[in-house]
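Subject: Structure for your review

Dear colleague,

Please find below the structure that I am handing over to you. My findings follow it.

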Amino acid sequence: EDGYDLWLRYRPVTDAARLAEYRAAVTQLVVDGDSPTLRAARDELRTGLRGLLGADVPLSASATRDGAVIVGTPASSRTIGALGLGDALRAVGREGYVVRATRVGGRRAIVVAANSDVGALYGAFRFLRQLQTYGTLANLAVASAPKIQLRLLNHWDNLNRSVERGYAGHSLWAWDTLPDASNPRYRDYARANASIGINGAVLTNVNANARILTPEYLAKVAALANVFRPYGVRVYLTARFSAPIEIGGLKTADPLDPAVRAWWKAKIDSIYALIPDFGGFTVKANSEGQPGPQDYHRTHADGANMFAEALAPHGGVVMWRAFVYSNEVPVDRVKQAYTEFKPLDGQFRDNAFVQVKNGPLDFQPREPFSPLFGAMPKTPLMMEFQVTKEYLGQDTHLVYLGQEFEEVLRSDTWAKGKGSTVAKVIDGSLHGYARTGIAGVSNIGDDRNWTGSQFNQANWYAYGRLAWDPEMSASDIADDWLRMTFTNDPSFVRAVKAMMKTSREAVVNYMTPLGLAHIMATGHHYGPGPWVGGPNTRMRADQTPTYFHRADSLGLGFDRTATGSNALEQYAPPIRARWGNQRTVPDSVLLWFHHVGWTERLPATHGRPLWDELVARYNAGVDSVRAMQRTWDAQRGKVDDERFRDVQSFLAIQEKEARWWRDAALTYFQSFSHLPIPARYEQPAHPLQYYLQVRCPANRDKPRCDNVP
Ligand code: BDP
């Protein structure tokens, strides 16, 4: 048990009553049709059922006895066509499915029906999940359809197989041996994605390399596309804006230059000749040194529309990222995406998306939702979540992101009054977007366990499930994941689910409580660095912690109200009123929006002086990790030893590093507050000077910090 099987383990059902029920209900498999996708469904069902039921379930051409599982579409299967599922199927659209216990020719059967082959595949996975989670098959009646059209992973994978912000080994894409050699992992990757409804993968880093667009590399991309296709996973690429210069021999990449436009059109046509269902491009432009249309005094819309126009005849899309940095250091960096993009609403072609990070800054442990959500009614906005935990403990810390995603998706933008949630913006229902999409920055690499740690798999899983239905509960998703990944033992599921649910608040508390943000170390973003900044660093101010936390002798926090940067004005009036007032701002965003005096007592500090509340929060974070350790220790014997020890050892690292974060941050902030850490709390192990000297060699990769206290 090394984690390779993810949530598709299909171990024998250990509940005797359920096993008897399943064996009686599942006696033969009828999958009419022979498309690669239906074959994939049949293979998955055979493997899954064999594992779960402990015996092969025979294939049959038709239902000849009680217990047939019949899979397909009205087009692939006469039986399904004759079942009168018309209305039910119409309601689930192209990718949805219906899974039902019913009677066929007088015999008991289970039907897995859809309008398309990939819908049937999704239904097959749904049916297997029912067994994997020990649900009953009696009166089974499930109908489900995705609420978002494009459900993508974004891989920040480089052509040398390093992965930007990847903590799970190298890139899965072995460019050196493609297109000749395949690898079973390509298929297993696509299977795993299909099992949670992910239907596209952007293969390459947003900090793009133009070489991916050369014929040599496109042949490799086509080989991957061929493996993924049966699983409904389309491939997409990142486009480097200056590619016409770098690989096209042009003098300019100006998006209004006819030669540039012709170059992209020809390039895109050539991609579709190789990959007819190519999805399109993600583009990072004029951000962190990437080239873009502003280099030619054109707008983001000009840039996006050039791609959109060339992609449109093929049905492709362009996903233009709103994560931008201007060349000058702004008064407040969190205002920038909104400032640059909101005025462009209505200027994008209809196959262009604007892809917006969940918060206005950069994937911090907690941020308020990005004010762009709800502010661009005429432009389909895609959500960009970061599944890889760049700022949340990377591979080792156990943090269940389901809670974070849910918090963001349920945030109310008030764009059209109460209930205008972020979920309703991105699923298109609020503004009537014709196209919808969501992207998750992948945490996947070639580590045996795919994601660097066992529990990081839950974040891939939760992302996929929420992409299918952004209104699902993170808790229910954790429940499914635990049952499928570890065990259905109710005591295990109860305890470990509770642990997962607290894990996000734990990391917020020991890293950045009360609305603090961006106080991590430079470069690799692992470990604390709140002291970084000021005139002695060579970095841009708006990339340094001191710019963001604004600690001084009076207090802590960034005033983003009208007396400060007024980033608050980018939100709807009811939010402004609530967050702008120190008496009503929630503790979660207190220091994000306010500079608060060290001894000030507010509702958000539970009436305690800010300093005391800060100390309490940092300690609560460490305590939560210790509680997580106790919970996990009590699971010994309920799960296999290999994964048990894996998780246990990572929790020990997390506990140590939570203390490191707490003590480094508190001793640093104490140098401004000059207030004592109340005696009832653990005192820092070392003075501030010690923490300043912890060195973690590595720039962007995961460092190993040997002298962590
Ligand atoms: C930041 C990452 C950086 C990415 C950038 C982005 O540190 O590696 O290139 O986001 O999203 O969080 O473009």
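Of the contacts in the protein chain between residues at least 6 apart in sequence, 71% join residues at least 24 apart. Please bear in mind that this is a predicted model.

As to overall form, the C-alpha atoms of the protein chain occupy a box of roughly 80 × 65 × 50 Å along the principal axes. The radius of gyration is 26 Å, which agrees with the value near 27 Å that a compact globule of 709 residues would have. Buried residues account for 55% of the 709 residues. The secondary structure of the protein chain comprises 22 helices and 15 strands.

The protein chain is divided into three parts: domain 1 covers residues 16-144, domain 2 covers 150-485 and domain 3 covers 509-692. Between the centres of domain 1 and domain 3, taken over C-alpha atoms, the separation is 49 Å.

For your work, the surroundings of the ligand may be of interest. Which residues are found around the ligand? They are E164, R165, V206, N207, K284, E288, F323, D362, F363 and E390. By character, this shell divides into six charged residues, three nonpolar and one polar.

Two local details were also examined.

The first is helix α18, which spans residues 573-580 and has I575, W579 and G580 as its buried residues. Viewed down the axis of α18, these buried residues fall within an arc of 110°, and they therefore line one face of the helix. In general, an α-helix has 3.6 residues a turn, so residues three or four places apart point the same way. The exposed residues P573, P574 and A577 are carried on the face of α18 that is turned away from its buried side. The cover over the buried residues of α18 includes α19 (590-593).

The second is N459, a residue of helix α14 (residues 456-468). Is N459 buried or exposed? It counts as buried, because it has 27 C-beta neighbours inside 10 Å, where 20 or more are required. If neighbours within four places in sequence are left aside, N459 is in contact with V387, L401 and N443. In addition, the C-alpha atoms of N459 and Y400 are separated by 6.2 Å, although these residues are 59 apart along the chain.

Yours sincerely

Technical notes. Residues numbered from 1 in each chain as written. Predicted model: local features only at pLDDT ≥ 70, side-chain atom pairs only at ≥ 80, totals over all residues. Domains from an automatic or database assignment. Near = placed C-beta within 6 Å. Nonpolar A, V, L, I, M, F, W, Y, C, P; charged D, E, K, R; others polar. Helix = DSSP H or I, 4+ residues; strand = E, 2+ residues; numbered from the N terminus. Rg over C-alpha atoms; globule rule 2.2 N^0.38 Å. Buried ≥ 20, exposed ≤ 12 C-beta atoms within 10 Å, placed from the backbone. Contact = placed C-beta atoms within 7 Å. Arc of directions from axis to C-beta.
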